[in-house]
Amino acid sequence: MSGIIGQVGAKSGIISGSSATSAGTVTLSGITGLDYEEGTFDIAVSGASASATMHSGYKTLSYTKVGKMITFLGHIVVTNENGMGASVKVTGFPFVNGAHAGLRRTPVNIGGYTELSLDVAGYSLTGSIFESASIMYIYEYGITSGTRALAGADWGAGQAHLCGTYFID
């Protein structure tokens, strides 16, 4: 669905100064033509050697786009890592991360992960979307070992919640 954001049920459209100031929902101060969109996208998980098999019900993430800001979230499940190898990445993001001067990567929160085969207790996961790209690389961080690219064997048949915000040009 699309239309003026003030309409009930609208999922995308333009927030305009004349329509957005009524009903107390959105108040604009001289801003017109702010783009808004909600949607979903399917992701894939792969490494240097192979692509993982995704659970068909847990490979779709949701996003909201307001102007140049994209916020996404979802729960993903890998059923078989298929020998992904090094450098696990998530592809399929709907927009390319902007080329921001001084900001090379956009951090992504990875939480609620289970059934992973991380090497040592005390590890946590994080993700980064590189500038001018629509690929998120996943890293594991250890207190004593620092940060390294996640290997497919460490993901195994695991699942995680992803949440992040990035900006487009």
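**Burial and salt bridges in a predicted model**

Reader: Is serine 46 buried or exposed, and what is its relative accessible area?
Author: This is a predicted model, in which local features need pLDDT of at least 70 and side-chain atom pairs count only at pLDDT 80 or more, whereas totals for chains, interfaces and linings use all residues. Residues are numbered from 1 along each chain as its sequence is written, and side-chain values use heavy atoms, with hydrogens and water left out. Buried means under 20% relative accessible area, exposed over 50%, and partly exposed in between, with a 1.4 Å probe and protein chains only. By that cut-off serine 46 is buried, because its relative accessible area is 11%.

Reader: In which strand does serine 46 lie?
Author: Strands (E, at least two residues) are DSSP runs numbered from the N terminus. With contact taken as heavy atoms within 4.5 Å, and neighbours within four places in sequence set aside, serine 46 is in contact with residues including Met84, Val88 and Lys89. Serine 46 itself belongs to residues 44-46, which form strand E3.

Reader: How far apart are the closest N and O atoms of lysine 65 and aspartate 35?
Author: A salt bridge requires a side-chain nitrogen of Lys or Arg within 4 Å of a carboxyl oxygen of Asp or Glu, and lysine 65 and aspartate 35 form one, with a closest N and O separation of 2.4 Å. The pair links distant parts of the chain, 30 residues apart, with lysine 65 in strand E5 (residues 60-66) and aspartate 35 in strand E2 (residues 34-42). Lysine 65 is buried at 7%, while aspartate 35 is partly exposed at 26%. The separation asked for is therefore, under the rule of 4 Å, a salt-bridge distance, namely 2.4 Å.

Reader: Which residues are joined into one network by salt bridges that share partners?
Author: Arginine 148, partly exposed at 34%, forms a salt bridge with glutamate 140 at 3.0 Å, and glutamate 140 is buried at 0%. Aspartate 154 also forms a salt bridge with arginine 148, at 3.5 Å, and aspartate 154 is buried at 8%. The shared partners join into one network Glu140, Arg148 and Asp154.

Reader: Which element gives the largest share of the largest nonpolar core?
Author: A nonpolar core is a set of buried Ala, Val, Leu, Ile, Met, Phe, Trp, Tyr and Cys residues joined through side-chain atoms within 4.5 Å. The largest one has 29 residues, and those with the most contacts inside it include Phe72, Ile138 and Trp155. Elements giving two or more residues include strand E8 (105-114) and strand E10 (135-142), but the largest share, four residues, comes from E6.
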